[in-house]
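Open the model in your viewer and keep the sequence panel beside it. We will go from one selection to the next, and at each stop you will hear what is there.

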Amino acid sequence: MISSSVIELMSPNLSDTYITCPAQLNRTLGIKLPLIILLIKNMNKYFSFEVQVLDDKGETRRFRASNYQTTTRVKPWITTMPMRLDPGWNQIVVDLGDYVRRGYGTHYVETSRVTVHANCRIRRIYFSDTLYEEDKLPSEFKLFLPIEKSA
């Protein structure tokens, strides 16, 4: 059990229930760190998230992962891919640099936008330059906090 604040997104229709950052369409995040890490609870319903990036050719690319898709499709502006979630809480790690290179033969520059669709609980979404060992992360970035035993 996670005892921290979360955001719950639930809806019978994924496409019209989501949270996105930044909210304004004319703004971008401008995050240059290539790893995105999502701490997400599987609600045993359809779920997807999308990350929009800029590559070194100045092209905007989108990557959408969902638990209802069965095959990966690479199109000029969007790559869609299946995602399997374990029961309960999941740590989803996406190496955007690797995805851009393998999908489009270009180099990752920055993340412009992140959108998370229903149905899930979000504990945390963060970016990193590398994947750190669990003991090197601040407690709020860990999937599970250590349980303190009372004396």
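Select Phe49 to begin: with a relative accessibility of 3%, Phe49 counts as buried. Here buried means under 20% relative accessible area, exposed means over 50%, and partly exposed lies in between, using a 1.4 Å probe and protein chains only. Before moving on, note that this is a predicted model, in which local features need pLDDT of at least 70 and side-chain atom pairs count only at pLDDT 80 or more, while totals for chains, interfaces and linings use all residues. Residues are numbered from 1 along each chain as its sequence is written, and side-chain values use heavy atoms, with hydrogens and water left out.

**The aromatic pairs**

Now add Phe47 to your selection. Phe47 is buried as well, at 1% relative accessible area. The two rings, Phe47 and Phe49, make a tilted aromatic pair, 6.3 Å from centre to centre with 35° between the planes. Rings of Phe, Tyr and Trp (its six-membered ring) pair if their centres lie within 6.5 Å; planes under 30 degrees apart count as stacked, over 60 as edge-to-face and the rest as tilted. In the whole structure, a search finds four aromatic pairs.

For another of them, select Phe63 and Tyr99. This pair is edge-to-face, with 5.9 Å between the centres and 65° between the planes. How many residues apart are Phe63 and Tyr99? They are 36 residues apart, with Phe63 in strand S5 (residues 60-66) and Tyr99 in helix H1. Helices (H or I, at least four residues) and strands (E, at least two) are DSSP runs, numbered from the N terminus. Is Tyr99 buried or partly exposed? Tyr99 is partly exposed, at 29% relative accessibility, whereas Phe63 is buried at 3%.

Add Tyr104, and you have one aromatic cluster made of Phe63, Tyr99 and Tyr104. Then show Arg61, which lies over the face of Tyr104, 4.2 Å from the ring centre. A charge sits over a ring if NZ of Lys or CZ of Arg is within 6 Å of the ring centre and within 35 degrees of the ring normal.

**The nonpolar core**

Next, select Ile36, Phe47, Phe49, Ile92, Leu96 and Val116. These residues have the most contacts inside the largest nonpolar core, which has 26 residues. Such a core is a set of buried Ala, Val, Leu, Ile, Met, Phe, Trp, Tyr and Cys residues joined through side-chain atoms within 4.5 Å. At least two of its residues come from each of S3, strand S4 (48-55), S5, S8, H1, strand S9 (108-117) and S10.

Stay with Leu96 for a moment. Apart from its neighbours within four places in sequence, Leu96 is in contact with Pro34, Ile36, Val51, Val53, Tyr108, Thr111 and Phe127. Contact means heavy atoms within 4.5 Å.

**The four-stranded sheet**

Switch to a cartoon view and look for an open sheet of four strands in the order S1-S10-S3-S8, with antiparallel pairing. Its edge strands are S1 (7-9) and S8 (88-95), each pairing on one side only. Two strands pair if DSSP finds at least two bridges between them. Strand S3 (residues 35-42) and strand S10 (residues 120-128) are joined by eight bridges. To see one of these partners, select Ile36 together with Phe127 in S10. Helix H1 (residues 96-104) packs on this sheet and touches S3, S8 and S10; its direction makes about 55° with that of S8. Axes are lines fitted to C-alpha atoms, for helices over the stretch in contact, and angles run from 0 to 180 degrees between N-to-C directions.

**Arg121 and Lys45**

Go to Arg121, found in strand S10. Arg121 is partly exposed at 26% relative accessibility. Its C-alpha atom is separated by 4.3 Å from that of Glu8, although the two residues are 113 residues apart along the chain. Not counting residues up to four places away in sequence, Arg121 touches several residues, including Val6, Ile7, Leu39 and Trp89.

Last, select Lys45 in the loop between S3 and S4. Lys45 counts as partly exposed, at 43% relative accessibility. Leaving out residues up to four places away in sequence, Lys45 touches Met10, Asn67 and Asn119.

**Zooming out**

Show the whole chain again: the protein chain has one helix and ten strands. Of its 151 residues, 40% are buried.
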